[in-house]
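Please find below a colleague's notes on the two chains, set out as numbered points. They move from the chains as wholes to single helices, residues and ring pairs.

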Amino acid sequence: MKQKGPTLLSKDGTKSVLAALLSILIGLLVGGVIIVITGLATPTLGISGVWDGIRLVLLGIFSTGRDAAGALTFGFNSTNLGNMLFRATPLILTGLSVAVAYKTGLFNIGAPGQYLMGTAASLMLALGIPTETVPAALVWVIAFLGGILAGTLWGCIPGLVKAFLNINEVLACIMTNWIAANLVTWMFDGSNFRNLVENTKSGYIYKTTYNGVATAKLGLDKIFPGSQVNGGIIIAIVIAILMYILMSKTTLGYQLKACGANRHAARYAGIADKRNIVLSMAIAGGLSGAGAALYYLSGNTEFFWSTYQTLPATGFNGIPVALLASSHPIGVIFTGCFMSMLDIVGLQLTNLTAYNEYITDVIIATIVYLSAFSLVIKMLISGHGKRKNAAAPAAPAEKKAAAPEEKSASAGEGPQSAKGGNEA
Amino acid sequence: MEAENIIEMLHITKEFPGIVANDDITLQLRKGEIHALLGENGAGKSTLMSVLFGLYQPEAGVIKKNGQVVKVNNPNDATALGIGMVHQHFKLIDVFTVLDNIILGAETTKMGFLQKKEARKKVEALSERYGLKVDLDAKVEDITVGMQQRVEILKMLYRDNEILIFDEPTAVLTPQEIEELMATMKEFAKEGKSILFISHKLNEIMEVSDRVTVLRKGKYIGTVETKDTDKQSLSNMMVGRPVQLEVVKDPAKPGDTVLHVEHFSVPSKTHKRDSVHDVSFDVRSGEIVCIAGIDGNGQTEFIHGLTGLEKGQGTINLCGQDISHATIRQRGTHMSHIPEDRHKHGLVLDFTLEQNMVLQRFREPRFQHLGFIRQGEVRTYAETLIKKFDVRSGQGPVTIARSMSGGNQQKAIIARELDREKELIVAVQPTRGLDVGAIEYIHSQLVAQRDQGKAVLLVSLELDEVMSLSDRILVMYEGEIVGELDPKTTTVQELGLYMAGAKRMTKAGERA
């Protein structure tokens, strides 16, 4: 790896991909350690349970259950793969939401709130507009756009507050998240969208199929029979590509990034900094809203409307999805799929082994958590280049960071060399 | 008999991808001397000092202290060797008090508790002994830049450092503060401390140093005794060719009025008084008008008011249009602006050089089509500018601006602003922190612009620059224009009196 060093590693994209892969590996490794420890400590698991667990964490997506002898079998599992793509759809969009905001210098921790508002709007529209009079396809489009709009408006709020009152967007986002959580519950409470027919599910809203509205499958159900996948994943990928084009090819993206990287310089150059901050958050909000709309308009998902005490994890999971992709819109497609794959892997682990759902969550959370370290790892990889920058008059913070960076470099070598040993 | 060398850096080589920043450089610092390190921006001075301070590891070469080879792996090692450094951009924590900043990292503790009283005594003693006046309880964000530098110096003294590195210490100081600093440095040397003084200001080097080592483009050019050399030969060594230290220009041929400012005021953000009060003047095409004054007398606020970064009251007329209430972008149609703070306003540091080159122009049809940036055009344009204005960088148009040397960052801004071909050029301290080669270049560019019939409004704190470059001088004192002088008939002394507020003209222009 060292010989190729300067030329290959100096490319920023290579570094990002390498860092993401490394952090995933480290995450899997630590997850594996937890599997071993809990496995050996649990009488029902033992060595063979550990071996099953490790294989499932690595290859769970290809798991096809157990054969007659009780051994794990692996192969093409259309249900798993299809469900992975289905669950990746909202993750890709909330990941994009965080990534686009991050590229413009904003930390959008408000994705859960925007996601909730998008959910509420699209569900209400999809269930509220009678399909007897309006074609279901049109209702779908209206509901989808309504979800985007709701997310956009909700994202605008922290943007406006930041631009005009200079209040940190993180604070405003956290506030708007909880406002959304309570607002959505209030809106559904007493509404006739609650599923009272199947009264075992009184906490849920009807599936949109109740009104005949569902995302088109676009033939994906033929490729992945038995899964929930639908055309939403294609829409998500198209949006990701559009975001990539927006951010790196257009004058709008240029302005947004300029404002994010240096608001003062953007202002100096005559770019409307306030407008662009609001716009960034609006776009971010719209993306989260789109994620919610695609998930709940699928027709096979039910929304638990009593949200006032919880925020949707999909919103927060956008953060590791974006981080792992170094906020690159195209990278988000892959990291979104990776995160949803972990979801599926977790299910396999719970269903096929004696690892219960709680320990599975711990393992999956560990992998997600360490995956988010890709930024740190990227810094380590590019440590060499960064020093060169410090030679020029560097910002005070940078040189101070140089010392701790060195320490973490030596610490970071542990897992990396361990990984090397593993491969050998 | 040669004095003993306290620090020797022998045959240091430091490479970065694509560039050899230090190529076989030897630097010997004697005990008790002030040794100046001279070189253009990007010559490798900062890199060499970073090697000495343990921020970089050299590919080749050794560092010796008192003849013993030492290994400096990080700044802690450097501190242990008694090496202290005042960085060009101070390393202070804004929200800490001065005292906390000084003791940070070298706190005296007893059973885990800070012993601030002892620390305070020691700092007070040092501050008294060297005349380094600081307010120990003030927060760093509230004190002047000059005082911040004294805090940095006290930090080194508090750690009993005997080798003191000053990285371009005078760039941010007023003339008075520079004199004080020079005196302090001489005092240190007398006491046997050894000083490495990085600078490209020849006046200061001639005044304060004992020996000078010159670097050029990462190579060692030579070490000379200051008393055996002069400014001209030093600058020739530094740049590698004879340098014009004086500005050459013909008399101005002023034409029509380009900028007309009338009763213009900018309210202060912190005080009740206006930062800029009732300023009126004209700038005509084909002349360089300089606003002179001591830093902090309203020049920054005036320029911000003029360019639209801050709100002002009064009338501004540019090229016959009233722009008093125009947006920054509208003002930009006839005005280019070389800003005072190149990092805050001038560049988006995390953007590439080419992206920075079109910061105002990206909307022009040449650079975009239906909202899509014409990447090829931007690249070509950036390459043209880089060539035309000799902007040096590691990877050309795709270099990240942050990684460029200060001088080349400034050159990039100048290239961008001058190439926009606007009627009025506002240049605020365009040569701050630059070396003679770059200053010569920027001065000649501004004169060339003037000769093309542009109006140039220059703000400068450097008296030499004010006297040599301008055709007319306006002196600003406490937010007001207190005098209008002709550089040909006035003296530096007289200018100084106006700048200090000791003299002022009446409104009618009489010298009172």
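1. Accessible areas here come from the Shrake-Rupley method with a 1.4 Å probe. On that basis the accessible surface of chain A comes to about 18300 Å², and 67% of this area belongs to carbon and sulfur atoms. The model is a predicted one, and every value in these notes should be read with that in mind.

2. To complete the account of chain A, its secondary structure comprises 18 helices and 2 strands, and buried residues make up 52% of its 424 residues. When the contacts of chain A between residues at least 6 apart in sequence are considered, 73% of them join residues at least 24 apart.

3. Chain B has 17 helices and 24 strands, and its accessible surface comes to about 22100 Å², with 50% of that belonging to carbon and sulfur atoms. Of the 512 residues in chain B, 55% are buried. Among its contacts between residues at least 6 apart in sequence, 66% join residues at least 24 apart.

4. What radius of gyration does chain B have, set against that of a compact globule with 512 residues? The globule would have a radius near 24 Å, and chain B has 24 Å, so the two agree. Taken along the principal axes, the C-alpha atoms of chain B fill a box of roughly 70 × 55 × 50 Å.

5. Helix H15 of chain A, residues 357-371, can be checked against the rise of 1.5 Å a residue: its 15 residues should span 21 Å, and because its end C-alpha atoms are 21 Å apart, the model agrees with the expectation. The buried residues of H15(A) are A:Ile359, A:Thr360, A:Ile363, A:Ile364, A:Thr366, A:Ile367, A:Val368, A:Leu370 and A:Ser371. These buried residues pack against five helices of chain A, namely H2 (12-41), H3 (46-59), H13 (313-324), H14 (329-352) and H16 (374-381).

6. A similar check can be made on helix H14 of chain B, residues 406-419, whose 14 residues reach 20 Å from first C-alpha to last, close to the 20 Å expected at 1.5 Å a residue. Since 14 of the 14 residues of H14(B) are buried, the helix is largely enclosed by the rest of the structure. H14(B) is followed by B:Glu421, which has a positive phi, near 55°.

7. A:Thr94 has its place in helix H4 of chain A, residues 78-103, and at 0% relative accessibility A:Thr94 counts as buried, the cut-off being under 20%. Not counting residues up to four places away in sequence, A:Thr94 touches A:Tyr115, A:Ser288, A:Thr314, A:Gly315 and A:Gly318. A:Thr94 and A:Val332 lie 238 residues apart in sequence, yet their C-alpha atoms are 9.5 Å apart in space.

8. With which residues is A:Ala265 in contact, once its neighbours within four places in sequence are left aside? They are B:Lys344, B:His345, B:Leu347, B:Val348 and B:Leu359. A:Ala265 itself lies in helix H11 of chain A, residues 263-268, and counts as buried at 0% relative accessibility.

9. Over all chains the structure holds 16 aromatic pairs. The rings of A:Tyr206 and A:Tyr210 have their centres 3.9 Å apart and their planes at 10°, so this pair is stacked, the limit for stacking being under 30 degrees. A:Tyr206 is buried, with a relative accessible area of 11%, whereas A:Tyr210 is exposed, with 57%.

10. By contrast, B:Phe264 and B:Phe302 form an edge-to-face pair, at 5.9 Å centre to centre and with 85° between the planes. This pair links distant parts of the chain, 38 residues apart, as B:Phe264 is in strand E13 (residues 257-267) and B:Phe302 is in helix H9 (residues 299-307) of chain B. Both B:Phe264 and B:Phe302 are buried.

11. Ring pairs in chain A also link A:Phe86, A:Tyr115, A:Phe188, A:Phe193, A:Tyr295, A:Tyr296 and A:Phe303 into a cluster. A:Tyr115 in this cluster is one of the residues touched by A:Thr94.

12. Two lysines of chain B lie over tyrosine rings. The charged end of B:Lys122 sits over the ring of B:Tyr158, 4.6 Å from the ring centre, and B:Lys411 lies over the face of B:Tyr441, at 5.3 Å from the centre of that ring.

Definitions and conventions:
Residues are numbered from 1 along each chain as its sequence is written. Chains are lettered from A and ligands numbered from 1 in the order in which they are written. This is a predicted model: local features need pLDDT of at least 70, side-chain atom pairs count only at pLDDT 80 or more; totals for chains, interfaces and linings use all residues. Side-chain values use heavy atoms; hydrogens and water are left out. Helices (H or I, at least four residues) and strands (E, at least two) are DSSP runs, numbered from the N terminus. The expected span of a helix is 1.5 Å times one less than its number of residues. Buried means under 20% relative accessible area, exposed over 50%, partly exposed in between (1.4 Å probe, protein chains only). Contact means heavy atoms within 4.5 Å. Rings of Phe, Tyr and Trp (its six-membered ring) pair if their centres lie within 6.5 Å; planes under 30 degrees apart count as stacked, over 60 as edge-to-face and the rest as tilted. A charge sits over a ring if NZ of Lys or CZ of Arg is within 6 Å of the ring centre and within 35 degrees of the ring normal. The radius of gyration is taken over C-alpha atoms; the globule rule is 2.2 Å times the number of residues to the power 0.38.
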